[in-house]
Amino acid sequence: MATATGKGYRVIGLDDLRAAPAFTPRGNDDGRERLDVRNELGITSFGINAVRIPGAGELVREHTEKSFGLSEQEELYIVLGGSATFVLDGEEVETSAGSLVYVRPEVKRSAIAADGGTTLLIVGGTPGEAYQPLPPEAAEAFAAYNAGDYEQAVAKQLRAVEQVPDHLIVLYNLACFEARAGKTDDAIEHLKAAADRDREILELARDDTDLDSLRGDPRFKELVA
């Protein structure tokens, strides 16, 4: 794949991109890789990344874009190679290379790769709003979390919170990392700060295993009651 860089442009192949930290406690399941196209190219006006998997397996985990402080993005999934079965609000849709799958925020979606090497390019943005990327420290914090380095995860996430202090999910993840690191007082403080922004986040907290170390604390019990 040819590469080129000039004033105001850059050409690069997906194979030249490094795998980015996964924003999930489960890590890169089945060899799934997230390729951070946006940060690599310095894109600031819209969200874009790519995911691929070497064999059959889960490419897009089931979710919507409307819950717990998410940005309610519209998303476009572009199948670059391989094939995948999307499940969109319970309806299965078979796709192959060249397919475009547009999904509104409220639609529950997931995708399973049928072939080895299936790759999706994912583009997203919130209607009527300027794109606001998360700080890179948020991804670095998850990388440390997935490696079991909870102290480093907390340190990175604190830097992310400094940059986006009102972001619900960033605050909530900080509480999770602090709970894993044994920082009970800090975890409860930041969980309360997240709940002050949207109490629906407590529905997630009630069953989140990252917060298990807090469950015997009366402050946690009162918060989630």
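Helices (H or I, at least four residues) and strands (E, at least two) are DSSP runs, numbered from the N terminus. The model described here is predicted. Its features are grouped below as an open four-stranded sheet, a loop residue with positive phi, two separate nonpolar cores and a set of aromatic pairs.

**Sheet**

- Four strands make up an open sheet in the order β6-β11-β8-β9, and their pairing is antiparallel.
- The edges of this sheet are β6 (57-63) and β9 (91-96), each of which pairs on one side only.
- On average, neighbouring strands of the sheet are turned by 15° against each other, direction ignored.
- Strand β11 covers residues 109-113 and pairs with β6 in the antiparallel sense over four bridges.
- Within this pairing, valine 60 stands opposite alanine 111 of β11.

**Loop between β8 and β9**

- Aspartate 89 is located in the loop that links β8 (83-88) to β9.
- The phi angle of aspartate 89 is near 50°, which is a positive value in a residue other than glycine.
- Aspartate 89 has a relative accessible area of 55% and is therefore exposed, since the cut-off for exposed is over 50%.

**Nonpolar cores**

- The largest nonpolar core has 33 residues, of which Tyr172, Leu191, Ile201, Leu202 and Leu211 touch the most other members.
- At least two residues of this core come from each of α2 (136-146), α3 (150-163), α4 (168-180), α5 (184-197), α6 (201-205) and α7 (218-224).
- The helix that gives the most to this core is α4, with 10 residues.
- A second core, separate from the largest one, holds 16 residues, including Ile53, Leu59, Val107 and Ala113.

**Aromatic pairs**

- The distance of the centres and the angle of the planes describe a pair of aromatic rings.
- The count of aromatic pairs, taken with ring centres within 6.5 Å, comes to five.
- One aromatic pair joins tyrosine 145 and tyrosine 150, at 5.8 Å centre to centre and with 55° between the planes.
- This pair is tilted, because an angle has to be over 60 degrees for edge-to-face and under 30 for stacked.
- Tyrosine 145 is buried, because its relative accessible area is 7% and the limit for buried is under 20%.
- Tyrosine 150 has a relative accessibility of 24% and so counts as partly exposed.
- Both tyrosines belong to one aromatic cluster, formed by Phe142, Tyr145, Tyr150 and Phe177.

Notes: Residues are numbered from 1 along each chain as its sequence is written. This is a predicted model: local features need pLDDT of at least 70, side-chain atom pairs count only at pLDDT 80 or more; totals for chains, interfaces and linings use all residues. Side-chain values use heavy atoms; hydrogens and water are left out. Two strands pair if DSSP finds at least two bridges between them. Axes are lines fitted to C-alpha atoms, for helices over the stretch in contact, and angles run from 0 to 180 degrees between N-to-C directions. A nonpolar core is a set of buried Ala, Val, Leu, Ile, Met, Phe, Trp, Tyr and Cys residues joined through side-chain atoms within 4.5 Å. Buried means under 20% relative accessible area, exposed over 50%, partly exposed in between (1.4 Å probe, protein chains only). Rings of Phe, Tyr and Trp (its six-membered ring) pair if their centres lie within 6.5 Å; planes under 30 degrees apart count as stacked, over 60 as edge-to-face and the rest as tilted.
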